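Biologist: I am new to this structure and would love a close look at one part of it. Could you pick a single strand, start with one of its residues, and then show me how the strand connects to the rest?

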Amino acid sequence: MFKESLMPENGAEIMGAYSHGIKVDLGNNKEMIFITGQIAQDANGNVVCEDIEGQTEYVFNCIQKILKEANSSLDDVVKTQIFLTDINDFSKVSPIRNKYFANSKPVSTLVEVSSLVKKGCKIEIEVIAIKGK
């Protein structure tokens, strides 16, 4: 199979025609993993945590679960995009981001957006990883 959908157990509710992640076989013993933007939403669709630090930790844990589903980890991440509803939260998010990406040091984009898909969510993070088979 060229691509495989990644749907971790107890993952957040899917709100449309998409996957939490997709693993793509690149050949040459390499796989690329794309993870859709993750927000601080539990399996029942409830927003988890009200503060940006708690939401950021929750989102990184969700990303780790999806990467694990692909036999990968945060160390394989090569690109990340972070969306904040308040750019002033950057100083709170950055140390958490740095902790999770201490080894991989991916290229990164961080932008402020007016809102996210779920009211009450303050951060969304998507990643791309490449790993050997």
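**A close look at strand β6**

Modeller: Let's start with I130, which counts as partly exposed because its relative accessibility is 32%, a value between the 20% limit for buried and the 50% limit for exposed. Please keep in mind that this is a predicted model. You will find I130 in strand β6, which covers residues 123–132. Together with L26 and V78, I130 makes a nonpolar patch on the surface, with an area of about 220 Å².

Now look at another residue of the strand, K131. K131 is buried, with a relative accessible area of 9%. Its partner is E31: the two form a salt bridge in which the closest N and O atoms are 3.2 Å apart. Since E31 belongs to strand β3 (residues 30–38) and K131 to β6, this pair ties together parts of the chain that lie 100 residues apart in sequence. E31 is buried as well, because its relative accessibility is 11%.

E31 has a second partner. K23 also forms a salt bridge with E31, and here the closest N and O atoms are 4.0 Å apart. With a relative accessible area of 11%, K23 is buried. So when you find K23, E31 and K131 in the view, you can treat them as one group: salt bridges link the three into a network.

How many salt bridges are there in total? The count comes to three. The one we have not met yet joins E57 to K99, with the closest N and O atoms 2.8 Å apart. This pair also links distant parts of the chain, as E57 sits in helix α1 and K99 in helix α2, 42 residues apart. In this pair, E57 is partly exposed at 22% relative accessibility, and K99 is partly exposed too, at 48%.

Let's turn next to the nonpolar interior, where our strand appears again. The largest nonpolar core has 24 residues, and those with the most contacts inside it are I63, L67, L74, I123 and I125. Strand β6 supplies at least two residues of this core, and so do β3, α1, β4 and α2. The largest share comes from α1, with six residues.

Since α1 contributes so many, here is one more residue from that helix to find on screen. C62 lies in α1, which spans residues 52–69. C62 is buried, because its relative accessible area is 13%. If you measure from C62 to S5, C-alpha to C-alpha, you get 16 Å in space, while the two are 57 residues apart in sequence.

Finally, two other contributors to the core, β4 and α2, meet again in a different setting. Strand β4 (residues 77–84) runs parallel to strand β5 (residues 107–112), and six bridges join the two. As a landmark in this pairing, look for I82, which stands opposite L110 in β5. Helix α2, made of residues 90–100, completes the picture: β4, α2 and β5 form a right-handed β-α-β unit.

To retrace the path, go back to β6: there I130 takes part in the surface patch with L26 and V78, while K131 belongs to the salt-bridge network with K23 and E31.

Methods. Residues numbered from 1 in each chain as written. Predicted model: local features only at pLDDT ≥ 70, side-chain atom pairs only at ≥ 80, totals over all residues. Heavy atoms only, no water. Pairing = 2+ DSSP bridges. Helix = DSSP H or I, 4+ residues; strand = E, 2+ residues; numbered from the N terminus. Right-handed = clockwise from strand over helix to strand, strands pointing away. Patch = residues over 30% accessible without salt bridge, like charges linked within 9 Å, V, L, I, M, F, W, Y side chains within 5 Å. Areas by Shrake-Rupley, 256 points an atom, 1.4 Å probe, with all protein chains shown as cover. Salt bridge = Lys/Arg side-chain N within 4 Å of Asp/Glu carboxyl O. Buried < 20%, exposed > 50% of the residue type's maximum accessible area, 1.4 Å probe, protein only. Core = buried A, V, L, I, M, F, W, Y, C linked by side-chain atoms within 4.5 Å.
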